[in-house]
Amino acid sequence: MSNINIIEVKNLVKKYGSYTAVDHISFSVKKGEVFGILGPNGAGKSTTLEMMETLRPIDDGTVIMDGIDVAKHPRKIQKIIGVQLQSASFLEKLTLEDQLKLFAGINGTEVDVDKLLEEFDLTAKRKDYAENLSGGQRQRFSIATALVHKPKVLFLDEPTTGLDPQARRNLWDLIQRIKKQGITVILTTHYMDEAELLCDRVAMMDKGKILTINTPKGLIKELLGRGFKKEQVVEQADLEDVFIDLTGKGLRED
Ligand code: ADP
C-alpha cells in the first residue's frame, strides 16, 4: 500500500427529498488499500458507493479518483473502476467465457479468459451458464467480470453475504490476492470478522455520517481507551471453527 491518496471524498451529500441519506462525508483512500465502509442498514453505504461509481448523481461535494472528478468525467471514471454486479445483472443464457469476452468488448479491451477463470477457480465452469452457478461461484464470477478491464479501484458491496463459511473464506483469499496486485478495494460488509481480516482501514457510518475512521486495531484500541470492558471469553474457538474443522476448508459447490 502506498501513501498516495487515490480517492478523495469531500463533503459528499445525497438527499432523497427532505431526507439526507449521505450527510457531508469526507474521507480519503490510499492507493492499494482495502478500505471498508461499515454501518447498519440504511446508514448510507450503498448510496455513497453508488455516487463514487457514477451510478447516482452527486448532490453536493466532490469525489476525485486518480485525479479525475467523478461528477465531471463519469466516462473516464468508469474506465478505471470495477463494480461488482449483483448476480441478477448476469446474462443467464450466456456461458461464462462468452460473458467475459462480451464485457471486454464493451470495455474495448482484450481479456485473457483462461487466466481470469483460473484465477477465480472457475475453469471447469467456462462453458456453463451463469444460471447454473452456486452462490460462491456467482460471487467469484461477478468479481471476475468487474476486473476484465483491469481497473485501479474495485468496489465490492457485501460480497460475502449469504455464502457458506467455506465460500466466504475462499472469497477472502481472493480479495487478498486482488489487493496484492495493487488494486485498491472499497468494501462494505456486515461481518466484523471479515472487516478485521481484510480491511487496512474502516469507516464506521451511521445516519448518513461517518463516525470514525481508523485501522481495525486502532478502533478497538480507541474503544478500550474509552474504558470499554467485555466479559472475558475463555473459549479459544467458536462455532464457525467447529464447522470448518468438521467439514473442511474445501469448496463444496463444484
Ligand atoms: P445502506 O447501504 O447503508 O444500507 P443506503 O445507502 O441503501 O444505506 O440507504 C440510505 C438511506 O437512503 C436509507 O434510509 C434508504 O431508505 C434511503 N434511500 C436509498 N435509496 C433511496 C431512493 N432511491 N429513494 C429514497 N430513499 C432512498
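**Entry 1: a hairpin**

I began with the hairpin that β9 and β10 form, which has 2 residues between the strands. The model I am reading is a predicted one. In the turn I looked up K207 and found a positive phi of about 50°. Strand β9 covers residues 201–206 and strand β10 covers residues 209–214. The two run antiparallel, and I noted 5 bridges joining them. I then followed A203 across to β10, where its bridge partner is I213.

I recorded a general point beside this: strands of a sheet pair through backbone hydrogen bonds, either parallel or antiparallel.

**Entry 2: an open sheet**

Next I looked up a sheet of 4 strands. In what order do the strands of this open sheet stand? I read the order as β2-β1-β4-β5, with antiparallel pairing. At the edges stand β2 (19–30) and β5 (68–69), and each has a single partner strand, so one side of each is left without a neighbour in the sheet.

I took the pair at one end in more detail. Strand β4 spans residues 60–65, and 2 bridges pair this strand with β5 in the antiparallel sense. For I64 I found D69, in β5, as the bridge partner.

**Entry 3: positive phi angles**

I reminded myself that most residues other than glycine have a negative phi. With that in mind I looked up two residues.

The phi of H24 is near 55°, a positive value although the residue is not glycine. I located H24 in strand β2, the edge strand that covers 19–30. The relative accessible area of H24 is 43%, and I entered this residue as partly exposed.

E158 is also not a glycine, and its phi is positive at about 50°. I found E158 in the loop between β7 (153–157) and α6 (165–180). Is E158 buried, partly exposed or exposed? Its relative accessible area is 24%, and the limit for buried is under 20%, so I entered E158 as partly exposed.

**Entry 4: D193 in a helix**

I turned to helix α7, residues 192–198, where D193 is found. The relative accessibility of D193 is 38%, which counts as partly exposed. Which residues does D193 contact, once neighbours within four places in sequence are left aside? I noted R168 and W172. I also looked up the separation of D193 from V153: the two are 40 residues apart in sequence, and their C-alpha atoms are 23 Å apart in space.

**Entry 5: the whole chain**

Finally I looked at the protein chain as a whole. I counted 9 helices and 10 strands in the chain. Its radius of gyration is 19 Å, close to the 18 Å that the globule rule gives for 254 residues, so I recorded the chain as being as compact as a globular protein of that length. Along the principal axes, the C-alpha atoms fill a box of roughly 55 × 55 × 35 Å.

Of the 254 residues, 44% count as buried. The accessible surface comes to about 13,500 Å², and carbon and sulfur atoms hold 53% of it.

For contacts between residues at least 6 apart in sequence, I noted that 68% join residues at least 24 apart. My last look-up concerned charge: the chain has 36 positive and 38 negative side chains, and the centres of the two sets lie 5 Å apart.

Key
Residues are numbered from 1 along each chain as its sequence is written. This is a predicted model: local features need pLDDT of at least 70, side-chain atom pairs count only at pLDDT 80 or more; totals for chains, interfaces and linings use all residues. Side-chain values use heavy atoms; hydrogens and water are left out. The radius of gyration is taken over C-alpha atoms; the globule rule is 2.2 Å times the number of residues to the power 0.38. Buried means under 20% relative accessible area, exposed over 50%, partly exposed in between (1.4 Å probe, protein chains only). Contact means heavy atoms within 4.5 Å. Accessible areas come from the Shrake-Rupley method with a 1.4 Å probe; for residues, only the protein chains shown count as cover. Lys and Arg count as positive and Asp and Glu as negative; His and the chain ends are not counted. The place of a charge is taken as NZ of Lys, CZ of Arg, CG of Asp or CD of Glu. Two strands pair if DSSP finds at least two bridges between them.
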